[in-house]
Amino acid sequence: MEIRDAVPGDWPAIWPFLRQILADGDTYTLPRHPTEEWARSVWMQEPPGRTVVAVEDDGTVLGSAKFGPNHLGPASHVSTASFMVAPEHAGQGVGRALGEHAVEQARAEGYRAMQFNAVVETNTRAVALWQSLGFEVMTTLPEAFRHPVHGYVGLHIMYRRL
Ligand SMILES: CC(C)(COP(=O)(O)OP(=O)(O)OC[C@H]1O[C@@H](n2cnc3c(N)ncnc32)[C@H](O)[C@@H]1OP(=O)(O)O)[C@@H](O)C(=O)NCCC(=O)NCCS
């Protein structure tokens with residue numbers, strides 16, 4: 001598996017799993033049924049943001065991540081990142097590889113910390129993965145997310161220094 005910068009031609013491979021993950025409605029604070037154009041504009045970052053893809057040797061896109069500044073001006077030294085792995089390729093280490101890559105890249109670009117703004121508390125796979133990469137739950141916003149199965153659940157703000 002290789003992780004490289006995404007190019008516009010990667011979008012047709014990203015859109016099917018991104019659309020599915022948003023439609024599931026249990027992990028992202030984004031519209032469940034966005035237009036493709038809107039989703040592309042959100043996911044395919046322009047500098048200073050970056051979007052990367054994890055690809056198999058045969059070119060199959062397994063997952064994608066985006067990262068960049070979480071805030072602007074005097075807070076622009078704190079980065080943020082988002083991750084999506086194609087469900088058919090989940091549980092194979094792609095998320096961990098993308099997470100490690102984002103942390104390394106953010107550090108190399110001079111960011112001093114990384115913040116995840118809205119990790120759904122029932123997303124136990126993601127929470128455990130981020131904790132294993134050194135992120136701490138700083139606080140949990142109670143009932144901030146309407147989960148399709150569990151109803152109102154908390155959103156973690158997770159943070160680590162780089
Ligand atoms: C969360 C997500 C990015 C993880 O990606 P992934 O490729 O499936 O994760 P990995 O295979 O690298 O596994 C990461 C860890 O989760 C654990 N894990 C795997 N499947 C799991 C499951 N069903 N439940 C709990 N933990 C699980 C693994 O043990 C692994 O830990 P390890 O490396 O110590 O073995 C991916 O599932 C995803 O895109 N989910 C939908 C969108 C999302 O939630 N994004 C993150 C928002 S904060």
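This is a guided tour of the structure above, one selection at a time. Keep in mind that the model is predicted.

**Stop 1: the ligand**

Start by selecting the ligand and the 21 residues around it. Those that come nearest are Thr27, Val85, Ala90, Gly95 and Arg96. Now colour by secondary structure: strand S4 (78–85), helix H3 (94–108), strand S5 (113–120) and helix H4 (124–132) each give two or more residues to this shell. Which element gives the largest share of the shell? That is H4, with 6 residues. If you colour by residue class instead, you will find 11 nonpolar, 8 polar and 2 charged residues around the ligand.

**Stop 2: helix H3**

Next, select H3, which you have just met as a contributor to the ligand shell. H3 has 15 residues, and the distance from its first C-alpha to its last is 21 Å, close to the 21 Å expected at 1.5 Å a residue. Show the side chains of Val94, Gly95, Leu98, Gly99, Ala102, Val103 and Ala106, which are the buried residues of H3. Turn the view until you look down the helix axis: these buried residues fall within an arc of 165°, so they line one face of H3. The spacing makes sense, because an α-helix has 3.6 residues a turn and residues three or four places apart point the same way.

On the other side of H3, pick out Glu104 and Ala108, which are exposed. Then go back to the buried residues and show what they pack against: strand S1 (2–5), strand S2 (50–55), strand S3 (61–69), S4, S5 and H4. Before leaving, step just past the end of H3 to Gly110, where phi is positive, at about 95°.

**Stop 3: the nonpolar cores**

Where in the largest nonpolar core should you click to find the residues that touch the most other members? Try Ala54, Ala65, Leu98 and Ala102, out of 25 residues in that core. Helix H1 (11–24), S2, S3, S4 and H3 each supply at least two of the core's residues. H3 provides the largest share, 5 residues.

Centre on Ala65 and display its contacts beyond four places in sequence: Val52, Ala81, Ser82, Phe83, Leu98 and Ala102. There is also a second, separate core of 8 residues, and Val120, Phe135, Leu155 and Met158 are among them.

**Stop 4: Pro48 and Gly68**

Move to the loop between helix H2 (36–43) and S2, where Pro48 sits. Check the peptide bond joining Pro47 and Pro48: this bond is cis, with omega about 10°.

From Pro48, hop to Gly68, since the contacts of Gly68 beyond four places in sequence include Pro48, along with Gln45, Gly49, Arg50, Ser79 and Thr80. Gly68 belongs to strand S3. Is Gly68 buried or partly exposed? With 19 C-beta neighbours inside 10 Å, Gly68 is partly exposed, because the buried class begins at 20. If you draw a C-alpha to C-alpha distance from Gly68 to Glu100, you will get 15 Å, for two residues 32 places apart in sequence.

**Stop 5: Gln115**

Select Gln115 in strand S5. Gln115 has 18 other C-beta atoms within 10 Å and is partly exposed. Its contacts outside the four-place window are Asn70, Val78, Thr80, Ile157 and Tyr159. One of these, Ile157, is 42 residues away along the chain, yet its C-alpha atom is separated from that of Gln115 by 7.1 Å.

**Stop 6: strands S6 and S7**

For the last stop, show strand S6 (residues 136–147) and go to Glu143. What is the phi of Glu143? It is near 55°, a positive value in a residue other than glycine. Glu143 is exposed, with 11 other C-beta atoms within 10 Å. Thr139 also lies in S6, and Thr139 is exposed with 11 other C-beta atoms within 10 Å. From Thr139 to Pro16, C-alpha to C-alpha, the distance is 32 Å.

Finish on Gly154 in strand S7 (residues 151–161). Setting aside neighbours within four places in sequence, Gly154 is in contact with Glu143, and also with Glu121, Thr140, Leu141, Pro142 and Ala144. Gly154 has 17 C-beta neighbours inside 10 Å and so counts as partly exposed.

Technical notes. Residues are numbered from 1 along each chain as its sequence is written. This is a predicted model: local features need pLDDT of at least 70, side-chain atom pairs count only at pLDDT 80 or more; totals for chains, interfaces and linings use all residues. A residue is near a molecule or strand if its C-beta atom, placed from the backbone, lies within 6 Å of it. Helices (H or I, at least four residues) and strands (E, at least two) are DSSP runs, numbered from the N terminus. Ala, Val, Leu, Ile, Met, Phe, Trp, Tyr, Cys and Pro count as nonpolar, Asp, Glu, Lys and Arg as charged, and the others, Gly among them, as polar. The expected span of a helix is 1.5 Å times one less than its number of residues. A residue is buried if 20 or more other C-beta atoms lie within 10 Å of its own, exposed if 12 or fewer, and partly exposed in between; C-beta atoms are placed from the backbone. The arc is that of the directions from the helix axis to the C-beta atoms. Two residues are in contact if their C-beta atoms, placed from the backbone, lie within 7 Å. A nonpolar core is a set of buried Ala, Val, Leu, Ile, Met, Phe, Trp, Tyr and Cys residues joined through C-beta atoms within 7 Å.
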